[in-house]
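Welcome! Let's take a walk through this protein together, one stop at a time. Keep the picture at hand and follow along.

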Amino acid sequence: CSSLGQGAAPMPDKDDWESFMEVTEYSKYANSAETPANYNLVFQDLNATVNHGSYIGHYTLYAYDPEICATYCAQIPECKAFNIYVARDPSLDPGPLCPNPPATANYKCALYSESIDEATVNNDGQRQPPADENGIEFYVKVRASNGTSSLSALAMFYLLVVQN
């Protein structure tokens, strides 16, 4: 049962995925977050993340702060977009000795080398076996998912799609 650490995001009182999905504070983060300069908000407050072949990697953050994501993106020349969200993650590595471990909530930032949009948002979580004695597996879930694309990436998308 190796520890995966405690996240910085608040957790509901009840430790199940259904309660996580009802935390209204997460939507407040998404709806009040400011879009960084040189980026355009392309989707807001969804319950899934981007699933796209241009995925570069992700960071776990200490706050729901798009500026931090923009800083990470700016450090990678091929980065054109990012997705910030709150994830319900296991606090321990699920395995035979740790089925359905206690949850934690992390602020995350995923980076992409191409522009993203709402059509690329289709990862609403996944179950992580094994099941506990009640037959319940850990369920990773997502809230407050905002996506931004750089203005230069959106301009290239427009040139390629709209003008052809």
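Let's begin in strand β8, which covers residues 138-150 and is where R143 sits. Please keep in mind that the model is a predicted one. What is the nearest side chain of opposite charge to R143? It is D45, at 4.6 Å, and R143 is buried yet has no salt bridge. A salt bridge would need a side-chain nitrogen within 4 Å of a carboxyl oxygen.

R143 does have polar partners. Its side chain reaches the backbone oxygen of M21 at 2.9 Å, and it also makes a polar contact with the side chain of N47, at 3.1 Å. Leaving out residues up to four places away in sequence, R143 touches a group that includes F20, E22, V23, Y26, L46, Y85 and V86.

Two of those neighbours, Y26 and V86, lead us to the next stop, because they are among the residues with the most contacts inside the largest nonpolar core. That core has 23 residues, and L61, Y64, F82, Y107 and L111 also belong to its most connected members. Four elements each supply at least two of the core's residues: helices α2 (24-32) and α3 (66-74), and strands β4 (81-90) and β5 (103-112). Apart from this core lies another one, of 12 residues, with A48, A87, Y112 and V142 among them. As a general rule, nonpolar side chains in soluble globular proteins tend to be buried together.

For a closer look at the bigger core, choose L111. Setting aside its neighbours within four places in sequence, L111 is in contact with residues including I56, Y59, C69, Y72, C73, I76 and F82.

C69 and C73 take us on to helix α3, where they are buried along with P66, I68 and A70. What do the buried residues of α3 pack against? They pack against four strands: β1 (39-46), β3 (55-61), β4 and β5. At the start of this helix, a side-chain oxygen of D65 reaches to within 2.9 Å of the backbone nitrogen of E67.

Now turn to strand β4. Why can it be called largely enclosed by the rest of the structure? The reason is that 10 of the 10 residues of β4 are buried. In a regular strand, side chains alternate between the two faces of the sheet. In β4 both faces are covered: one side has A81, N83, Y85, A87 and D89, the other has F82, I84, V86, R88 and P90, and all of these are buried.

Strand β4 also has partners on which to lean your eye. It runs antiparallel to β5, with 10 bridges joining the two, and N83 has A110 in β5 as its bridge partner. With β8, our starting point, β4 pairs in the antiparallel sense over 7 bridges. Across that pairing, R88 stands opposite K141 in β8.

R88 brings us to the charged pairs. How many salt bridges does a search of the whole structure find? There are 3 of them. In one, the side chains of D15 and R88 meet at 3.2 Å, N to O. This pair links distant parts of the chain, 73 residues apart, with D15 in the segment before α1 (17-21) and R88 in strand β4. D15 is partly exposed at 38% relative accessibility, whereas R88 is buried, with a relative accessible area of 3%.

Another salt bridge joins D89 to K108, the closest N and O atoms being 2.9 Å apart. Here the link runs from strand β4 to strand β5, between residues 19 apart. D89 is buried at 9% relative accessibility, and K108 counts as buried at 13%.

The remaining pair is D16 and K14, whose side chains meet at 3.4 Å, N to O. D16 is buried, with a relative accessible area of 17%, while K14 is exposed, at 54%.

For a last stop, find N38 in the loop between α2 and β1. Is N38 buried or exposed? Its relative accessibility is 58%, so N38 counts as exposed. Beyond its neighbours within four places in sequence, N38 is in contact with S149, S150 and L151. The C-alpha atoms of N38 and A70 are separated by 9.2 Å, though the two residues are 32 apart along the chain.

Notes
Residues are numbered from 1 along each chain as its sequence is written. This is a predicted model: local features need pLDDT of at least 70, side-chain atom pairs count only at pLDDT 80 or more; totals for chains, interfaces and linings use all residues. Side-chain values use heavy atoms; hydrogens and water are left out. A nonpolar core is a set of buried Ala, Val, Leu, Ile, Met, Phe, Trp, Tyr and Cys residues joined through side-chain atoms within 4.5 Å. Buried means under 20% relative accessible area, exposed over 50%, partly exposed in between (1.4 Å probe, protein chains only). Contact means heavy atoms within 4.5 Å. Lys and Arg count as positive and Asp and Glu as negative; His and the chain ends are not counted. A polar contact is a pair of N or O atoms within 3.5 Å; within protein, one must be able to donate a hydrogen and the other to accept it, and residues adjacent in sequence count only if both atoms are side-chain atoms. Two strands pair if DSSP finds at least two bridges between them.
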